[in-house]
Amino acid sequence: MGRQRPGQGQIRIKGKKEPDGFERFNRVSKPANVVLNIVFFIMAMACIIPVVLVVAISFSAEESIQEYGYHFIPKIFSLEGYTFLVSQSKMIVRALGVSLLVTIAGTVLGVILTTLMGYVLSRPGYKLNGFLTMVVFIPMVFNGGLVSTYFVNSQLLGLKNTLWALILPLCVSSFNVVICRTFFKSTVPESLIESAKMDGASQFTIFSRIVMPISLPVLATIGLFLCFSYWNDWYQSMLYMEDSKLYSLQALLNAILTNIQMLAKNAATMGLGAAEMLAKMPQEAARMAIVVIIVAPIACAYPFFQKYFISGLTVGAVKG
Amino acid sequence: MSHEVDKAAVKKEIIGNKRPKGKKRRWNRDDTELTLLALPTTIWYFLFCFVPMFGIVIAFKEFRINGRFLKSFWTSEWVGVNNFKFLFATKDIWMIIKNTLSYNIVFIILGIVVPVAAAIAIGQLHSKKLMKVYQTAMFMPYFLSWVVVTALVWAFLSFDKGLLNNLLESWGMDRQQWYMKPQMWPPFLVFMNLWKGVGYGMVVYLATITGIDKTYYEAAGIDGATIWQQVRYITLPLMKTVIIMMFIMNVGRIFYSDFGLFYQVPRDSNSLYDVVYTLDVYVYKQLRTSTTGMSAAAAFIQSLAGCVTILTANWVVRKVDRESAMI
């Protein structure tokens, strides 16, 4: 491209910040730019502000919340929400452990299962290609519905009250398989695979030694999709977890939102009476502190991983 | 299997691409290995997708839990379409289907118009740095779970401590029971859906826009086209495919709703029953509280209608623009 339009290239190199004359001419006017900036600023703030409010609440003292309600600036600053959670570390740490375990195990398993299928489907001339394509495509169009799925998972497969219930149902999605297939088809050169085959490599060797290492972008994309969906999942817990010992952070927050006494109930086992505990504990701040614990890793991580998400989202829109 | 045979097979496969139609290639080592590689995922699909598909027939049974699943399945009595009769005898089901469809229609329209407009507009900003900042900020809600969003909404709408009520009070107005006001929830749920989805949609469309060759705009600009004309005659036509894709994907799911949005965000409030109940919420509540019969019947209708809509939408798109069709 640069060769075709050498003039433009030079200008870009000279003044990186200022676009060249034509680009300056062919864009919205200054006032329009200001208006657009204001609109987007408001929209961006609308997306950020609720989180800021929750962070502020989590750092407020309980008596100030009780008296003045929720505010952006804590009337009395306090860490008691967090210290309370630390004092309840058994419950919080366990929930955090469940969340981490499920996220890591699910992501690893999901990436393996998805890429395997994606690779096999990307092979031209494979005998069962048509059959397996149907296996992947039919669930995109039709599914058994919640009731049937629930009974199969809980009764037939016996996943109820096990961590498998949080991991297995979410680990493969046809959407991800199609992303993988498209990626392998378009970026892994056929000649590379053929030459490996000539050297006597088995398909497994080709997959693990050749295809995987050169497919890191798609692994990152799928891995991130899975990672976020596992970390954010509360629905599976709501369906299959009756045992509050196996609650993830999201499930714990869900339970606490509906019933703040959950926190007190757990605290009560530590010697204090439940009623006494409920009166004493920083309910509001503690609840919002859990939200902060859930959101903080996401908020810190996603700006850096955005581009992988975007590449995945756009690849998915291209059919293979 | 010796090396020689394998090489021959490979050679055959390379040539095989050009072989005349109808002549079947024989099963070779490659096929065996690929089948083994695909086996774990195929088993997963069988257990978690296909078994439930057959399990859908419990909508025609009086399903009672009686030991293990298969035993309950066999011992449950066939009741024909009784479950459906009961379901449609309640007046709730019509209200629920109406809710599901009307919310989805609004979501589909706004879910395309707003992000497309936002993507086009954000691309016009002079400062690319600010553009990146806005985009990142607006993408964030997409990464929050509905449970977290529920907590955020609660911080604004709670009766005794909520920020909104605090503001109303400081302006000399009365506190409101937001969770008991059915009339404010439909617009609010539409807003929340947009709030969570605009950043995501914008990113998808923006990726398409940045993929458009800049020289089109330069040529149009030199010919004196205004920004509006450039958007109308270059950007929008080139975004057609991705917009149609998103459209069919959403229309295909018109009988499905975001369970978290309709169940969690209104905190399962009884006063909001009429305006927030969608098929997913209904199926879940029935499954939890009472007989499985009606729940299974509703789930059956949802699956079947969903299948029909997605295939129809896809068929229509094939007629209009073959390239954009999903299947």
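Which helix of chain A holds both Arg287(A) and Glu284(A)? In this predicted model, the two residues sit in helix α18 (residues 283-316) of chain A, 3 residues apart, or about one turn of the helix. Their side chains form a salt bridge, with the closest N and O atoms 3.3 Å apart. Both Arg287(A) and Glu284(A) are buried. The pairing doesn't stop there: salt bridges with shared partners tie Glu284(A), Arg287(A), Asp160(B) and Lys161(B) into one network.

Over all chains, a search of the whole structure turns up 10 salt bridges. One of them joins Arg123(A) to Glu190(A), at 3.2 Å from N to O. This pair links distant parts of the chain, since Arg123(A) lies in the loop between α6 (89-122) and α7 (129-141) of chain A, while Glu190(A) belongs to helix α11 (residues 190-198), 67 residues apart. Arg123(A) counts as buried because its relative accessibility is 5%, under the 20% cut-off. Glu190(A), at 33%, counts as partly exposed.

Helix α11 of chain A has a salt bridge of its own, between Lys197(A) and Glu194(A), whose closest N and O atoms are 3.8 Å apart. The two are separated by about one helical turn, because they are 3 residues apart in that helix. Lys197(A) is buried, with a relative accessible area of 6%, and Glu194(A) counts as buried too, at 14%.

The chains also meet through helices. The axes of α8 (residues 145-156) of chain A and α15 (residues 292-320) of chain B come within 6 Å and cross at roughly 120°. The residues of this contact divide into 5 nonpolar, 4 polar and no charged; among them are Phe151(A) and Ser303(B).

Definitions and conventions: Residues numbered from 1 in each chain as written. Chains lettered and ligands numbered in written order. Predicted model: local features only at pLDDT ≥ 70, side-chain atom pairs only at ≥ 80, totals over all residues. Heavy atoms only, no water. Axes fitted to C-alpha atoms, helices over the stretch in contact; angles between N-to-C directions. Helix = DSSP H or I, 4+ residues; strand = E, 2+ residues; numbered from the N terminus. Contact = heavy atoms within 4.5 Å. Nonpolar A, V, L, I, M, F, W, Y, C, P; charged D, E, K, R; others polar. Salt bridge = Lys/Arg side-chain N within 4 Å of Asp/Glu carboxyl O. Buried < 20%, exposed > 50% of the residue type's maximum accessible area, 1.4 Å probe, protein only.
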